[in-house]
Amino acid sequence: MTIVPFSAHPQRPAGVWRPDEMSQLLSIYAAHEAQGEASDWDTGETERRDPQFYILGAQPDLDCLVSVTRIGDAYILEDGHGHVVAEGSSLSAIAEKAVRMASGLRRSFLAQIAVGWIAAREFFEEKVEPLMAEPIEAATHVFPQLAALT
Amino acid sequence: MHFAKAAPEARQLRKEAGRWLQELRKRAGLSQIDLAQKLGLKYYTFISQIENGFGRVPSESMEEWARALGVEPAEFARELLSYYDRELYRLLFKVKK
């Protein structure tokens, strides 16, 4: 098997999660904690300084249940046995899959909130943020539609 | 009589196991990527997870790990057991507390 080494993203410091990434990762932890599976979380990094996030199970062993690693522009979601569950460039999509890994079909209220929050955040990042970044372009899209309504 | 390890001790032992594995890997002249390749893993992330003390080498792949690191499998498994389950290790190998 050939392992392709990824090159680090120039704008992202190695070995460190950004605050927006951390908040999504903590939402995964919240979902697993709500299911009574997780009791702690921690972070680390690979030899190549790729940041890792670990969700730890019950005491006393605190086995890793879920891990997320960022390698270059890709996020890797693994279970505690090193099986790759998902990989891709969208942390929101990875987080959603990680939340679904929380056991049991009956999702707790908190887990549902976490899924909703991830979906809302993804919507904001993909649809609303670009509009806010380019208000003039947005205006050209919105004003003709408003004019058509009146 | 106590039935469970104290959590901080279990965590500490896992970290020590990770450091021991990292030392073995470096002694074998392997990077995490090299070891992942030898073990047929798609990514080297699981190796990092174990070396950081957040996971354990699965029993079913201990032999493979040992061979990849150039260590005798029984000795490798015995050493890992001393970190992963100290009580069982003590009973099996009659080690004094």
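Mentor: Let's begin with a term: two residues are in contact when heavy atoms lie within 4.5 Å. Keep in mind that this is a predicted model.

Trainee: Thanks! How many residues of chain B are in contact with chain A?

Mentor: Contacts across an interface are counted on each side. Here 25 residues of chain B touch 34 residues of chain A.

Trainee: And how much area do chain B and chain A bury between them?

Mentor: The two chains bury about 2,500 Å² between them, and carbon and sulfur atoms account for 53% of that area.

Trainee: Which residues of chain B lose the most area to chain A?

Mentor: Look at B:Tyr43, B:Tyr44 and B:Phe54. Together these three supply 26% of what the chain B side buries.

Trainee: Now the folds. What does the secondary structure of chain B come to?

Mentor: A good habit is to take the elements and then their order. Chain B has 6 helices and 0 strands, so its pattern along the sequence reads α-α-α-α-α-α. The radius of gyration of chain B is 14 Å, close to the 13 Å from the globule rule for 97 residues, so chain B is as compact as a globular protein of that length.

Trainee: What does the C-alpha trace of chain B span along its principal axes?

Mentor: The spans are about 45 × 25 × 20 Å.

Trainee: Which pattern does chain A follow along the sequence?

Mentor: Chain A has 4 helices and 5 strands. Read along the sequence, they run α-β-β-β-β-β-α-α-α.

Trainee: How should I read burial? What share of the residues in chain B is buried?

Mentor: Buried here means under 20% relative accessible area. In chain B, 45% of the 97 residues are buried; in chain A, 37% of the 150 residues count as buried.

Trainee: And what share of the contacts joins residues 24 or more positions apart in chain B?

Mentor: Take the contacts with a separation of 6 or more. In chain B, residues 24 or more positions apart account for 54% of these. The corresponding share in chain A is 41%.

Trainee: Let's turn to the outside. How much surface does chain B expose?

Mentor: Chain B exposes about 5,400 Å², with 52% supplied by carbon and sulfur atoms. For chain A, the accessible surface comes to about 8,400 Å², and 60% of it belongs to carbon and sulfur atoms.

Trainee: Last one: how many positive and negative side chains does chain B have?

Mentor: Count each set, then compare where their centres lie. Chain B has 18 positive and 13 negative side chains, and the centres of the two sets are 4 Å apart.

Definitions and conventions:
Residues numbered from 1 in each chain as written. Chains lettered and ligands numbered in written order. Predicted model: local features only at pLDDT ≥ 70, side-chain atom pairs only at ≥ 80, totals over all residues. Heavy atoms only, no water. Helix = DSSP H or I, 4+ residues; strand = E, 2+ residues; numbered from the N terminus. Rg over C-alpha atoms; globule rule 2.2 N^0.38 Å. Buried < 20%, exposed > 50% of the residue type's maximum accessible area, 1.4 Å probe, protein only. Areas by Shrake-Rupley, 256 points an atom, 1.4 Å probe, with all protein chains shown as cover. Lys, Arg positive; Asp, Glu negative; His and termini not counted. Charge placed at Lys NZ, Arg CZ, Asp CG, Glu CD. Buried area = accessible area lost by both parts, 1.4 Å probe.
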